[in-house]
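Me: I should be grateful for a close look at a single part of this structure, explained for a first-year student. Please treat the topic in one connected account.

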Amino acid sequence: MTSKGPHPDEIGTNPGPAVEFGADPTGEQARHTLVMGHVSTITVVKLHKCRLTVSAGPDLGRTVVSDKERLRVGSHPQNDLVLVEDRTASRHHFEIQYTDRGHLLVDLSSTNGTFLDGRRIERAYLSAGSQIRAGSSVLTFAPIDEEVTIEPEREGELCGMVGQSVKMRQIFGLIKKIAPMDVSVIIQGETGTGKELVARAIHELSMRSRGPLVVLDCGAIPPNLIESELFGHEKGAFTGAVSSRPGAFERANGGTIFLDELGELRLDLQPKLLRVLENREVRRVGGNDVIEVDCRVIAATNRDLVKEIASGNFREDLFFRLSVIQIQLPPLRQRRDDIPNILKRALAEPEVVERHGRKRFSPEALGMLMGYGWPGNVRELMNVLSHVLTFSEGEEILPAHLPPRVRGQDRQGPLPFNEHLSFKDAKEQLLENFEREYITSVLARCEGNLSRAARESGLHRKSIERLVKKYQLDAKGMKPR
């Protein structure tokens, strides 16, 4: 799938490619704005900044250097560069957006227009030394490419995450560097690697930390409700909309929105999400009013979005809009040395000590945990720990307390399906049996606590409630098996 063609008013330039971590610099996909390359234990990040200086006019000498995705200019105090003395400049005159093709100048429906090198434009790509006229002011544009070396953090913890391995300490250093930058981030990694924890860390260490962090799991919301969850709805917009409700973007105003499992977002909703990101405004389902929103977007996925783009399941322009910075989280099997530290920290949590007392793993049990493949990564490790705490007695945790699969005692048998049914009916019956057994087991382990079951399963609480209702389970009466 190719990106859309240039706007008829755009002036094309060749901004040159950037490179993603692990990519071939000469390859077709080497166009991202984050460059990470390993030199022993050092990570090199290439940052794209720009400088805008008033070179003529009442505000002569004013300048700004920015690494933001959008740099706004005008007379209003909320702009990044404020033309205080220029009374002919509009409140929000123009903005400069960083795109995969370079820096794009966009007129914001200004009264007197925006001119690039003497030509009035609506949208045009900038090059070094470009002269922009807004009102009575002339501004000079200069791109700044900066390479920043990020060494691994000395500390093996960051915002609740634990990792003494070089890979994780590199990621901790990267998070600290990019958190203050008000740009979009895509976090990629297998299920259970801690993508939401990384998003929370970026938010906590950013300038938006006092604002809300709104989490939306695109894979856990029914397809017919996802648009309403994202953008909100007005009363009567659809059956069941008994009152107006703000969407996730409105609730995240002034803070950060975390779009988990972005790869599950329906293709027909992707252009709507792109418009929100580009225009910073939403329109509720069933509404006519346009609502301005200001939030940082962090997205996560366990899918390979480049492959999804090639297969036509994900829009390339949306990918480039979000992937200003990419973070790839390693699976737990690639950082096994972190397992003892993760467990040690979890066992030292005050609520764990208060409920279960002091616990420690025997060398044999720890050896089994270190040797297991962990397809569910850290989330699976925490679920196993929950299982162990429920069934072990005494201070020492032994191999016998571990689930059979961790001890290597799982027996692989045929799936219990009914071959006398049609394929569709047999598959549906098999899935229902799995859902019932899985939810029953998780709820029993969590003693019927729906919120805890949602955390441990990775499902949205509403999904847990839906399955409990579907199979008429008595969550309150459930006890560990």
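Which residue stands opposite Phe258 in β19?

Reply: The residue opposite Phe258 in β19 is Val215. The model is a predicted one, and this pair offers a good place to begin reading it.

Val215 belongs to strand β16, which covers residues 213-217 and is joined to β19 by five bridges. The two strands run parallel. As a general point, strands of a sheet pair through backbone hydrogen bonds, either parallel or antiparallel.

Strand β19 itself comprises residues 256-260, and five of its five residues are buried. The cut-off for this word is a relative accessible area under 20%. The side chains of β19 are divided between two directions: Thr256, Phe258 and Asp260 point one way, while Ile257 and Leu259 point the other way. Residues of both groups are buried.

On the other hand, β19 also pairs with strand β22, residues 296-301, through four bridges, and these strands run parallel too. Here Leu259 of β19 stands opposite Ala299 in β22.

These pairings form part of an open sheet of five strands, in the order β16-β19-β22-β15-β23, with parallel pairing. At its edges are β16 and β23 (325-328), each of which pairs on one side only. Neighbouring strands of this sheet are turned against each other by 15° on average, direction ignored. Towards the β23 end of the order, strand β15 (residues 185-188) pairs with β23 in the parallel sense over four bridges. In that pair, Ile186 stands opposite Gln326 in β23.

A helix residue may now be added to the picture around β16 and β19. Ala248 is found in helix α4, which spans residues 248-251. Ala248 counts as buried because its relative accessibility is 0%. Its C-alpha atom is separated by 7.9 Å from that of Val215, although the two residues are 33 residues apart along the chain. Setting aside neighbours within four places in sequence, Ala248 is in contact with Val214, Leu216, Glu229, Leu230 and Ile257. Among these contacts, Ile257 is one of the buried residues of β19 already described.

A second sheet may be set beside the first. It is an open sheet of five strands in the order β5-β4-β6-β7-β10, with mixed pairing. Its edges are β5 (81-82) and β10 (123-125); each has a single partner strand, so one side of each is left without a neighbour in the sheet. Strand β4, residues 70-74, is joined to β5 by two bridges, and the strands run parallel. Val73 stands opposite Leu81 in β5.

Technical notes: Residues numbered from 1 in each chain as written. Predicted model: local features only at pLDDT ≥ 70, side-chain atom pairs only at ≥ 80, totals over all residues. Heavy atoms only, no water. Pairing = 2+ DSSP bridges. Buried < 20%, exposed > 50% of the residue type's maximum accessible area, 1.4 Å probe, protein only. Contact = heavy atoms within 4.5 Å. Axes fitted to C-alpha atoms, helices over the stretch in contact; angles between N-to-C directions.
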